[in-house]
Amino acid sequence: MITTGEGGRELPNIENNVVLTVVGSGTLVPDPMRSTSSNLLVWAGRRYLIDVGFGTLAALTRMGIHPTSIHTVFLTHFHPDHIADLIPLLFTRNYTADVFVKKLSIYGPVGLSEFINQMTSAYGEWLTEMIGSSVSVFELKAEHFKIDGTDIQTMRVNHAPVSLGYRFEFPTGVIAFTGYTGY
Ligand SMILES: [Zn+2]
């Protein structure tokens with residue numbers, strides 16, 4: 001039972017206050033104490049989720065954060081330990097009254113649209129309808145752009161065939177995510 005009641009409502013806009021929370025830091029090896037890759041950035045009344053590995057939704061709700069209160073998802077690559085809870089995140093929006101208060105944006109490497117199309121074949125047309133009504137999907141290469149006044153740079157990293165690192169530049173500092181550690 002989620003008790004925050006936040007739903008899709010906006011967070012208060014606290015200027016220049018960036019909070020990073022590691023939601024999941026585990027690997028593909030199941031671990032009762034650690035879910036897989038996901039980081040939450042809270043900035044200027046926005047919630048950004050970087051990667052949505054399996055276990056992310058449960059971890060968010062344990063933190064008291066309603067999954068549908070996420071504004072933007074950034075995906076580094078398509079391995080299950082970074083993306084497996086993406087479809088459940090969308091499915092959850094189907095059953096949350098506040099879901100259409102705002103849109104969800106999903107950014108990821110080239111292939112993201114095809115991935116979602118394939119998931120539509122597996123899960124059904126509700127996914128297409130949701131993408132059309134309240135979810136926007138953006139494919140990225142190495143580029144430089146702004147979201148909500150935040151300067152964001154993406155770069156190819158050497159991991160899965162299409163893997164992106166993200167660099168977020170806020171007025172108070174820089175946070176970067178490689179999406180993997182390499183070995
Ligand atoms: Zn990987």
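Strands, like helices, are DSSP runs numbered from the N terminus, a strand having at least two residues. The structure shown in these views is a predicted model.

**View 1. Asp148 in the loop between E7 and strand E8.** Asp148 lies in the loop that links E7 to strand E8 (150-156). Most residues other than glycine have a negative phi. Asp148, although not a glycine, has a positive phi of about 55°. Is this residue buried, partly exposed or exposed? Asp148 counts as partly exposed because 13 other C-beta atoms lie within 10 Å, whereas a buried residue would need 20 or more and an exposed one 12 or fewer.

**View 2. The open sheet formed by E7, E8, E9 and E10.** Four strands make up this open sheet, in the order E7-E8-E9-E10, and their pairing is antiparallel. Which strands form the edges? The edge strands are E7 (144-147) and E10 (173-177), each of which pairs on one side only. From one strand to the next, the twist averages 25°. In general, the strands of a sheet pair through backbone hydrogen bonds.

**View 3. The pairing of E9 with E10.** Strand E9 comprises residues 164-170 and is joined to E10 by five bridges. The two strands run antiparallel. One position may be followed across the pair: Tyr166 has Phe177 in E10 as its bridge partner.

**View 4. Strand E2 and its partners E1 and E3.** Strand E2 spans residues 38-43. E2 is largely enclosed by the rest of the structure, because five of its six residues are buried. Strand E1 (residues 19-24) pairs with E2 in the antiparallel sense over five bridges, and Val22 stands opposite Asn39 in E2. Strand E3 (residues 46-50) also pairs with E2 in the antiparallel sense, again over five bridges. Here Leu40 has Leu49 in E3 as its bridge partner.

**View 5. The hairpin turn between E2 and E3.** How many residues lie between E2 and E3 in their hairpin? Two residues separate the strands, and Ala44 in the turn has a positive phi of about 50°.

**View 6. Asp51 in the loop between E3 and helix H1.** The loop that follows E3 and leads to helix H1 (56-62) contains Asp51. Asp51 has a positive phi of about 75°, although it is not a glycine. Why is Asp51 classed as buried? The reason is that 28 other C-beta atoms lie within 10 Å of Asp51, and the class of buried residues begins at 20.

Definitions and conventions. Residues numbered from 1 in each chain as written. Predicted model: local features only at pLDDT ≥ 70, side-chain atom pairs only at ≥ 80, totals over all residues. Pairing = 2+ DSSP bridges. Axes fitted to C-alpha atoms, helices over the stretch in contact; angles between N-to-C directions.
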